[in-house]
Amino acid sequence: MPAMLLALVLFASCIREEEYADNPRGNFEALWKIMDEHYCFFTEKNIDWNAIHTKYAPQVDDGMTSTQLFEVLAKMIGELKDGHVNLYSSFDVGRNWSWHENYPSNFSDTLYNKYIGTDYKIAGPLRYRVLDDNIGYLRCASFDGAIGAGNLDNVLSEFAPCNGLIIDIRDNSGGLLTDAETFAARFTNEEILVGYMQHKTGTGHNDFSSLEEQRLKPSNGVRWQKRVILLTNRQVYSAANEFTKYMKCCPQVTIVGDQTGGGAGLPYTSELPNGWGVRFSACPMYDRNKQSTEFGIAPDHQVNLTQEDLLRGKDTIIEYARELLNK
């Protein structure tokens with residue numbers, strides 16, 4: 001499954017639920033109740049969760065196999081169309097990845113390998129090189145908790161003579177929020193407001209705390225002062241979506257490519273009576289204009305990878321970024 005663990009470990013929580021019988025009906029009711037009381041996007045997505053119960057309850061009976069029950073439960077939570085909503089069993093993972101599966105990929109491993117070459121440098125999870133027009137190119141494929149301060153100091157120092165920097169996070173489906181903050185902090189010289197967050201305060205669909213500010217503080221390490229182009233596509237999700245939100249607030253940063261996939265709900269976890277795990281969005285996050293980023297963030301320049309360029313061995317999105325930086 002994609003790496004979509006947006007929350008810090010300290011935020012992870014197992015919701016304790018009331019007792020339900022360990023049979024198909026009990027597991028169905030337990031899952032429906034967990035989502036009813038804790039999921040955070042019912043109103044934004046205009047979902048009638050009671051109607052969903054009416055739709056799926058008749059499909060459950062005590063003679064079902066585990067596989068049949070899993071299919072019904074996975075379809076029920078699939079109605080939420082949320083990449084942070086998953087059902088985990090020993091034999092499958094219930095999921096909805098329509099946030100990227102229904103769109104062009106706008107990324108090619110073949111083209112990436114051509115641009116990065118074989119003599120690129122490696123700093124933790126980062127891959128980087130200087131392109132032949134003196135533009136720095138940095139690939140960050142995941143926020144899996146491995147980006148260190150030393151990695152960023154070395155990379156940005158290496159790029160110091162460059163005319164500009166391209167950061168490619170296409171297909172980065174998330175990881176830890178701390179990685180996103182650590183990285184973005186290298187592109188601002190002052191503390192800035194980057195967004196807001198809310199927390200659930202009750203079991204009602206609209207029981208939330210007041211908006212709490214998210215602020216990005218500048219790093220004490222090497223900070224980049226020149227222009228930056230951030231490359232995005234629909235598979236940019238969760239912590240990578242947050243990184244895009246932060247970078248959109250930083251000076252000298254331009255976003256190029258496709259809209260991100262979204263994923264603006266901090267995920268929490270719970271468990272059904274039969275031991276299956278369930279994950280769901282519990283805490284909504286917003287941009288600095290108090291608009292939800294659950295459905296993605298639009299780029300400053302919408303650019304798609306064309307078939308003509310693909311056949312010519314050119315990445316349309318990278319070339320567009322280079323043109324912007326060389327103007």
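Reader: In this predicted model, which residue in β4 does Ile122 stand opposite?
Author: This is a predicted model. β3 and β4 run antiparallel, and three bridges join them. Across that pairing, the β4 residue opposite Ile122 is Arg127.

Reader: Which residue takes a positive phi in the hairpin of β3 and β4?
Author: Two residues lie between the strands of this hairpin. With a phi near 60°, the residue is Gly124.

Reader: Which residue in β5 stands opposite Arg127?
Author: β4 and β5 run antiparallel. Five bridges join them. Their hairpin has four residues between the strands, and Asn134 takes a positive phi near 65° there. Opposite Arg127 in β5 stands Arg139.

Reader: Which strands stand at the edges of the open sheet of seven strands?
Author: Pairing in this sheet is mixed, and the order is β3-β4-β5-β6-β9-β10-β13. An edge strand here has a single partner, so one side of it is left without a neighbour in the sheet. The strands in that position are β3 (121-123) and β13 (301-302).

Reader: In what sense do β6 and β9 pair?
Author: β6 covers residues 164-168, and β9 covers residues 228-232. Four bridges link them. Leu165 stands opposite Val228 in β9. The sense of the pairing is parallel.

Reader: At about what angle does helix α6 run to β4?
Author: α6 spans residues 149-158. This helix lies across β3, β4, β5 and β6. Its angle to β4 is about 15°.

Reader: Which strands does helix α8 touch as it packs on the sheet?
Author: α8 spans residues 239-248. Its direction makes about 150° with that of β9. The strands touched are β6, β9 and β10.

Reader: How many of the ten residues of α8 are buried?
Author: The buried residues include Ala239, Phe243, Tyr246 and Met247. Asn241, Glu242 and Lys245 are also among them. The helix is largely enclosed by the rest of the structure, because the buried count is nine of the ten.

Reader: Is Ser209 buried or exposed?
Author: Ser209 is found in the loop between β7 and β8. Leaving out residues up to four places away in sequence, Ser209 touches Gln198, His199 and Thr201. Its relative accessible area is 16%. The cut-off for burial is under 20%, so Ser209 counts as buried.

Reader: How many disulfides does a search of the whole structure find?
Author: A disulfide needs two cysteine sulfur atoms within 2.5 Å. For Cys250, the closest cysteine sulfur is in Cys249, at 6.8 Å, too far for a bond. For Cys283, the closest is in Cys40, at 6.9 Å, also too far. Over the whole structure, the number found is zero.

Reader: What relative accessibility does buried Cys283 have?
Author: Cys250 counts as buried at 4%. Cys283 counts as buried too, and its value is 3%.

Reader: Which element gives the largest share of the largest nonpolar core?
Author: This core has 38 residues, of which Met35, Trp49 and Phe280 touch the most other members. α1, α2, α3, β11 and β12 each give two or more residues. The largest share is seven residues, from α3.

Reader: Which histidine does Trp49 touch?
Author: Setting aside residues up to four places away in sequence, Trp49 touches Trp32, Met35 and Phe42, among others. Asp36, Met76 and Leu80 are also among its contacts. The histidine is His205.

Reader: How many residues are in the second, separate core?
Author: Its members include Cys140, Val194, Cys249 and Val253. The count for this core is 37 residues.

Key:
Residues numbered from 1 in each chain as written. Predicted model: local features only at pLDDT ≥ 70, side-chain atom pairs only at ≥ 80, totals over all residues. Heavy atoms only, no water. Buried < 20%, exposed > 50% of the residue type's maximum accessible area, 1.4 Å probe, protein only. Pairing = 2+ DSSP bridges. Contact = heavy atoms within 4.5 Å. Axes fitted to C-alpha atoms, helices over the stretch in contact; angles between N-to-C directions. Core = buried A, V, L, I, M, F, W, Y, C linked by side-chain atoms within 4.5 Å.
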